[in-house]
Amino acid sequence: MIKAVVTGATGRMGARIINVLSGVEGISLSGAVEKKGHPLVGQDAGGPAGLPPTGVMITDDLDAALAAGSVLIDFTSPEATLEHARVCADHHRPIVVGTTGFSKEEVAQVKKYTDKISCVLAPNMSIGVNLSFKILAEVAQALGDDYDVEIVEAHHRMKKDAPSGTAMKMAQVLSTALNRNLDEVGVFARKGIIGERSRKEIGVQTVRAGDIVGEHTVYFAGKGERIEITHRAHSRDTFAAGAVRAALWVSAKKSGMYDMQDVLGLK
Ligand code: NAD
């Protein structure tokens with residue numbers, strides 16, 4: 001039995017992960033961790049997850065939780081995740097990272113620990129989005145430079161980072177497929193007299209509103225037609241189920257850095 005520790009245990013994602021985990025065979029909740037000073041520390045982890053009491057109390061002591069657990073599932077913040085990855089490396093425990101909003105340097109820092117431990121890091125853990133990454137690369141290669149590429153993403157008003165990690169990954173997948181450098185062609189805002197669109201730019205636009213769980217549309221627009229590829233998440237349970245699947249998968253892997261394409265066998 002894999003013993004899962006969840007950090008950010010009372011967050012929007014952490015709570016759903018604890019809920020989904022309770023219905024999956026081969027894995028059980030052994031630790032629920034929140035930041036120091038969180039009002040729910042000391043309470044049963046079942047409450048925020050909409051479950052009956054689990055017997056696992058929310059703690060702020062990740063060290064102790066990891067000593068008794070076998071894998072960490074982390075959906076918190078970039079700063080917290082960096083610290084949690086370090087603690088995982090100390091304990092030789094694999095980690096699943098769903099947190100988004102990392103800088104390139106921060107991703108490199110997480111990667112450093114994967115000399116010692118296995119890690120799945122993915123900005124989106126749903127099957128549909130990961131399949132979309134594959135489809136988007138194929139469509140972009142087939143259409144080439146004749147079609148303008150634009151990404152529009154929408155999320156709830158509480159989301160802290162923008163554009164979403166998923167939109168950034170889509171932009172990366174598309175720029176790689178089109179042999180472009182995203183640092184040069186990414187356009188993240190437009191306003192005023194901006195002139196004609198350059199042929200190779202990849203636009204990434206952000207909507208923040210209400211309780212939208214997560215939507216991404218990629219436009220491939222040419223003369224007289226366009227293709228739109230859209231993914232809509234109906235609930236966070238799609239990400240939670242992916243995270244639990246990743247935790248089972250990564251527990252059997254050698255040290256190294258992996259993503260959801262690896263977990264889902266899409267490479
Ligand atoms: P949230 O703010 O609801 O939850 C974050 C939780 O982490 C909070 O409960 C907070 O108290 C806790 N936390 C912060 N610092 C901590 C620490 N040091 N130790 C323990 N807990 C700590 O946010 P959310 O909507 O659950 O999203 C969390 C992250 O997951 C974001 O980066 C979001 O973009 C990302 N996300 C990823 C996916 C995916 O599929 N990869 C899907 C949805 C959200």
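Tutor: In sorting residues by class, Ala, Val, Leu, Ile, Met, Phe, Trp, Tyr, Cys and Pro count as nonpolar, Asp, Glu, Lys and Arg as charged, and the others, Gly among them, as polar. The model is predicted, so local features need pLDDT of at least 70 and side-chain atom pairs pLDDT 80 or more, while totals for chains, interfaces and linings use all residues. Residues are numbered from 1 along each chain, and side-chain values use heavy atoms, without hydrogens or water.

Student: How many charged residues does the shell around the ligand have?

Tutor: The ligand has 24 residues around it, each with a heavy atom within 4 Å. Eight of the shell residues are nonpolar and ten are polar. The number of charged residues is six.

Student: Which residue places a backbone N or O atom 2.8 Å from an oxygen atom of the ligand?

Tutor: Among the residues that come nearest to the ligand are Arg-12, Glu-34 and Met-125. Glu-34 has a polar side-chain atom 2.6 Å from a ligand oxygen, and His-84 has one 3.4 Å from a ligand nitrogen; a polar contact is a pair of N or O atoms within 3.5 Å. The backbone atom at 2.8 Å belongs to Met-125.

Student: Which elements give two or more residues to the shell around the ligand?

Tutor: Helices (H or I, at least four residues) and strands (E, at least two) are DSSP runs, numbered from the N terminus. By that count, the elements are α1 (12-21) and α3 (78-91).

Student: Where is Pro-163 found?

Tutor: The peptide bond leading from Ala-162 into Pro-163 is cis, with omega near -15°. Pro-163 is in the loop between β7 (148-155) and α6 (165-177).

Student: What is phi of His-92 near?

Tutor: His-92 belongs to the loop between α3 and β5 (95-97). Phi is positive there, in a residue other than glycine, and is near 55°.

Key: A polar contact is a pair of N or O atoms within 3.5 Å; within protein, one must be able to donate a hydrogen and the other to accept it, and residues adjacent in sequence count only if both atoms are side-chain atoms.
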